[in-house]
Amino acid sequence: MDGINMSFIPLLQAAPSASSSGALFSGVVPFILIIVIFYFFLIRPQNKKQKETEKMLKALKKGDKVITIGGIHGVVSSVKENTIIVKVDDNCKIEFNRTAISTVEMSDEEKAKLAEAEAAKKAEKEAAKAAKAEKKAKKAEKSSDEE
């Protein structure tokens with residue numbers, strides 16, 4: 001009987017090491033999930049916004065209406081490599097770093113184009129809905145005729 005009991009001892013000793021690796025795995029998974037959540041909810045949107053801001057700053061041109069980080073509204077009168085001269089009033093021009101520009105206001109023409117594009121999209125969606133409804137009606141009519 002002692003021989004039989006001795007044969008189970010190595011099996012019992014191996015079991016805790018297997019469960020400790022499982023515990024290690026279950027302890028690491030939450031940290032990985034937290035990192036993934038941080039990436040998708042914090043890091044990725046921030047990088048996306050930063051790229052959009054860089055693109056906006058590169059596209060600045062003379063005549064654009066801008067708002068600075070400090071809240072100063074003006075029109076770009078000239079663009080240099082790292083700075084922009086903003087005309088605030090008739091005889092007042094201020095030089096800002098490009099990074100000091102918060103937003104670029106759309107001109108009336110750009111607003112009209114954007115509104116026109118949105119209206120075209122909306123009309124396209126409504127036409128697709130109408131076509132789908134018409135198709136359903138024809139299908140229902142066809143099935144009722146068969147009965």
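**Group meeting: a five-stranded sheet and a pocket**

Okay, let's start with the sheet. It's an open one with five strands, paired antiparallel, and the order across it is β4-β3-β2-β1-β5. The edge positions go to β4 and to β5, residues 101–105; each has a single partner strand, so one side of each has no neighbour in the sheet. On average, neighbouring strands here are turned by 45° against each other, if you ignore direction.

Before I go on, remember that this is a predicted model. The mean pLDDT for the chain is 83, with 83% of the residues at 70 or more. Where is confidence lowest, and where is it highest? The low end is helix α1, residues 2–58, with a mean of 75, and the high end is strand β4, residues 92–97, at 95. As a general caution, predicted coordinates shouldn't be read in detail where pLDDT is low.

Now the overall layout. We've got two helices and five strands in the chain. Going along the sequence, the pattern reads α-β-β-β-β-β-α.

Let's walk across the sheet, beginning at the β4 edge. Strand β3, residues 83–89, pairs with β4 through six bridges, antiparallel. If you want a spot to click on, take Ile 85, which sits opposite Glu 95 in β4. The link from β3 to β4 is a hairpin of two residues.

Next pair over: strand β2, residues 73–79, is joined to β3 by four bridges, and these two run antiparallel as well. Here Ser 78 faces Ile 85 in β3. So Ile 85 turns up in both pairings, opposite Ser 78 and opposite Glu 95. Between β2 and β3 there's another hairpin, this one going through three residues.

At the other edge, strand β1, residues 65–68, is joined to β5 by four bridges, again antiparallel. The residue pair to look at there is Thr 68, opposite Ile 101 in β5.

One residue I'd like to show you is Val 86, in strand β3. Is Val 86 buried or exposed? Its relative accessibility is 0%, so Val 86 counts as buried. Val 75 is 11 residues from Val 86 in sequence, yet their C-alphas are 5.4 Å apart in space. For the chain as a whole, 11% of the 147 residues count as buried.

Last stop, the pocket. In general, you find where empty space is left by rolling a probe the size of a water molecule over the atoms. The largest pocket in this model has about 170 Å³ of space. Which residues line the largest pocket? From the earlier part of the chain we have Met 56, Ala 59, Leu 60, Lys 61, Gly 63, Asp 64 and Lys 65. Then there's a second group: Val 104, Glu 105, Met 106, Ser 107 and Glu 110. What's the lining like by class? Five of the lining residues are nonpolar, two are polar and five are charged. Notice that Lys 65 is in the residue range of β1, and that Val 104 and Glu 105 are in the range of β5.

That's what I've got for today.

Conventions:
Residues are numbered from 1 along each chain as its sequence is written. This is a predicted model: local features need pLDDT of at least 70, side-chain atom pairs count only at pLDDT 80 or more; totals for chains, interfaces and linings use all residues. Side-chain values use heavy atoms; hydrogens and water are left out. On a 1 Å grid over the protein atoms alone, a cavity is a set of points where a 1.4 Å probe fits but cannot get out, and a pocket is an open set with protein on both sides within 12 Å along at least five of seven lines; lining residues have an atom within 4 Å of a point. Grid points are joined across faces, edges and corners, and a volume is the space filled by probe spheres set on the points. Ala, Val, Leu, Ile, Met, Phe, Trp, Tyr, Cys and Pro count as nonpolar, Asp, Glu, Lys and Arg as charged, and the others, Gly among them, as polar. pLDDT is the predictor's confidence in each residue, from 0 to 100. Two strands pair if DSSP finds at least two bridges between them. Axes are lines fitted to C-alpha atoms, for helices over the stretch in contact, and angles run from 0 to 180 degrees between N-to-C directions. Buried means under 20% relative accessible area, exposed over 50%, partly exposed in between (1.4 Å probe, protein chains only).
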